[in-house]
Amino acid sequence: MRLIRRKNISMIFLIVVIVLLFRILYIDFFQMLIERYGFNVSSLFQSFVGNIIVLLLSVVLDVFAVWKLSRTKPYGHNSLLRFVLDICSILFVSIIGAIILNFKDLSVNANGHPYFYFLFSVLCVFLFNAFLVSVLDITFYALDVRQRMYQEGIKKRQAEYQYLQLKEQLNPHFLFNSLNMLDYLVQSQETERASLYIKKLAGIYRYFLQASNMELVSIEEELDFVGHYVDLLKVRFPEGFEVNQQIPAEYYQRLIIPCGLQILVENAIKHNIVSKSQPLQIDIFIEDDYIAVTNNIQLKIEIKDSMQVGLNNICTQYKDMLNREVIIEISEELFKVKLPII
Amino acid sequence: MKNRKKIIILHCVFNYVRFCYKDMEHKKLEKKRSLYSTILIHCFALAHAFVVVLFRHFNLPDEIPLTILTVLMIVLVTQLYKFPYDLTAVMALLFCFAGFFIGTKGGEWIMNNSSGWIKNNANVVVSFLVTEFDGWVTYFVVRSIHFTNINSE
């Protein structure tokens, strides 16, 4: 781990020189003013702290200066310029503070040296403002880092979701079953049905490709896609399941996460018995501000390891992007998932 | 079906191993940083004490070398965590002033309230303690801000 790179040595040298200059000019000069002119630091600080107007004004101006700088000049870029702007803003606020502080009493406190006393006041107020600006700068930077990390976390989870979606696109199992069914239709010379089947399969993959680039889709598009998906499954399980959607037309332009409904329908069929004797009933409807998908519970006998990846990802997407929760309700007979609609 | 399950399981295992390795690497990196910071702070505190003794022996003013040492310590500790230079400069300025005032007042207090070896070497003791204080405050501030930023590297 290389601690310091060559190109940063000049920055470090500059920091050392600037701080050193400041230290020499400020502290030695400060000491000289106290010793030579008999100025009192503690009484000046007391009058500064006691003057609420000056104190509040300094605080407000400091907060504004740091906020403005953090917006216009990001941290880490143009470090030297940023540092110089910081010092200039502190100096500006200190001069204003010193002017207001000494507006009436300059000649009284100055011991016959009003200009030097004004300079002394500026230096004292500068100390206070420098401390405040340092603390504010570090606080704003910490908030900035947290915000960036939060955004990166969302992007990462979104990328994971898109990756899973892409994986689903190339799901060989689904494609294998679909092509088998297509082969059966062709062998049975049901050319019209085969042609329709191919179009629906193409529509599904087209939607997968489009949806991988979109954050939200309309309910109408998603229902259209689910309809194609269900039609393909119906060829495999003619009377094994039924999907009823009761979405009023006024909700069609509302938005949801793409492939959310399809994952829920797929999960219902994957985990439950689908047969003529025990048909699976899947309902899609609107409830409050959610789109609900319910199915009767008739779990398959063989227990398959389900990692609930798809459902967990939908929940994470809703939480990250929209800050809303997906509601899952499980009773003895019914499994219900409610997705928020936008 | 079995092949698909195998692929998914392998993928998950691979991801899990990758994240464990990354997590281990981050913990190692964090331990390294903590160790380097500790060494730096203690070394610079000793260096401060040494400079005070040396310059007192030759009757020379020691403000400039002490300031340079303080700034270097702060820069090195902050750069372990890739802190931006502008904030490093702000912290260096702040701690130099704070160090000066605490050191001056602390030295007076020690001289008035102690005796023997400590009284005679008040400025050495104060330099050492103030440098430790500056270093550890810098370390904890920078570490707390960057603790969650490790994963981004």
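In the predicted model, helix α7(A) passes helix α8(A) in a left-handed crossing. The two helices, which span residues 172-187 and residues 191-211 of chain A respectively, pack at an angle of about 160°, and their axes lie 9 Å apart. Because angles over 145 degrees count as roughly antiparallel, α7(A) and α8(A) are described as roughly antiparallel to each other. On the side of α7(A), the contact is made by A:Ser178, A:Met181, A:Leu182, A:Leu185 and A:Val186, and these residues meet A:Arg193, A:Ala194, A:Tyr197, A:Ile198 and A:Leu201 of α8(A). Sorted by class, the residues in the contact of α7(A) with α8(A) comprise eight nonpolar, one polar and one charged.

A second helix pair was examined in chain B, where the axes of α3(B) and α5(B) come within 9 Å and cross at roughly 145°. The crossing of α3(B) and α5(B) is right-handed. From α3(B), the contact draws on B:Met91, B:Phe95, B:Gly99, B:Ile102, B:Gly103, B:Gly106, B:Gly107, B:Ile110 and B:Met111, while α5(B) contributes B:Ala122, B:Asn123, B:Val125, B:Val126, B:Ser127, B:Val130, B:Asp134 and B:Thr138. The class composition of the contact of α3(B) with α5(B) is nine nonpolar, seven polar and one charged residues.

Chain B as a whole contains five helices and zero strands, and its elements, read along the sequence, follow the pattern α-α-α-α-α. Of the 153 residues in chain B, 30% are buried. Among the contacts in chain B with a separation of 6 or more, 69% are accounted for by residues 24 or more positions apart. In the loop between α2 and α3 of chain B lies B:Lys82, a residue other than glycine whose phi is nevertheless positive, near 55°. With 11 other C-beta atoms within 10 Å, B:Lys82 is classed as exposed, because 12 or fewer such atoms place a residue in that class.

The contact between the chains takes 31 residues from chain B and 32 residues from chain A. On the side of chain B that touches chain A, at least two residues are supplied by each of α1 (2-57), α2 (63-80), α3 (85-113) and α5 (122-146) of chain B. The largest share of this side, 13 residues, comes from α3(B), the helix that also packs with α5(B) as set out above. By class, the side of chain B that touches chain A has 22 nonpolar, six polar and three charged residues.

Chain A, by comparison of its elements, holds both helices and strands, with eleven helices and seven strands in total. Buried residues amount to 24% of the 342 residues of chain A. Where contacts in chain A join residues at least 6 apart in sequence, 74% of them are between residues at least 24 apart.

Five strands of chain A form an open sheet with mixed pairing, in the order β2-β4-β5-β7-β6. The edges of the sheet are occupied by β2 (241-246) and β6 (327-330) of chain A, each of which pairs on one side only. Neighbouring strands of this sheet are turned against each other by 15° on average, when direction is ignored. At one edge, β6(A) is joined by four bridges to strand β7 of chain A (residues 334-340), and the two strands run antiparallel. Within this pairing, A:Ile328 has A:Val337 of β7(A) as its bridge partner. Helix α10 of chain A (residues 260-271) packs on the sheet, where it touches β2, β4 (280-287), β5 (290-296) and β7 of chain A, and the direction of α10 makes about 150° with that of β4(A).

The loop between β4 and β5 of chain A contains A:Asp288. The phi angle of A:Asp288 is near 55°, a positive value in a residue other than glycine. A:Asp288 has 9 other C-beta atoms within 10 Å and is therefore exposed.

Note on methods: Residues are numbered from 1 along each chain as its sequence is written. Chains are lettered from A and ligands numbered from 1 in the order in which they are written. This is a predicted model: local features need pLDDT of at least 70, side-chain atom pairs count only at pLDDT 80 or more; totals for chains, interfaces and linings use all residues. Two residues are in contact if their C-beta atoms, placed from the backbone, lie within 7 Å. Ala, Val, Leu, Ile, Met, Phe, Trp, Tyr, Cys and Pro count as nonpolar, Asp, Glu, Lys and Arg as charged, and the others, Gly among them, as polar. Axes are lines fitted to C-alpha atoms, for helices over the stretch in contact, and angles run from 0 to 180 degrees between N-to-C directions. A crossing is left-handed if the near helix is turned anticlockwise from the far one by less than a right angle, and right-handed if clockwise. Angles under 35 degrees count as roughly parallel, over 145 as roughly antiparallel, 65 to 115 as roughly perpendicular and the rest as oblique. A residue is buried if 20 or more other C-beta atoms lie within 10 Å of its own, exposed if 12 or fewer, and partly exposed in between; C-beta atoms are placed from the backbone. Two strands pair if DSSP finds at least two bridges between them.
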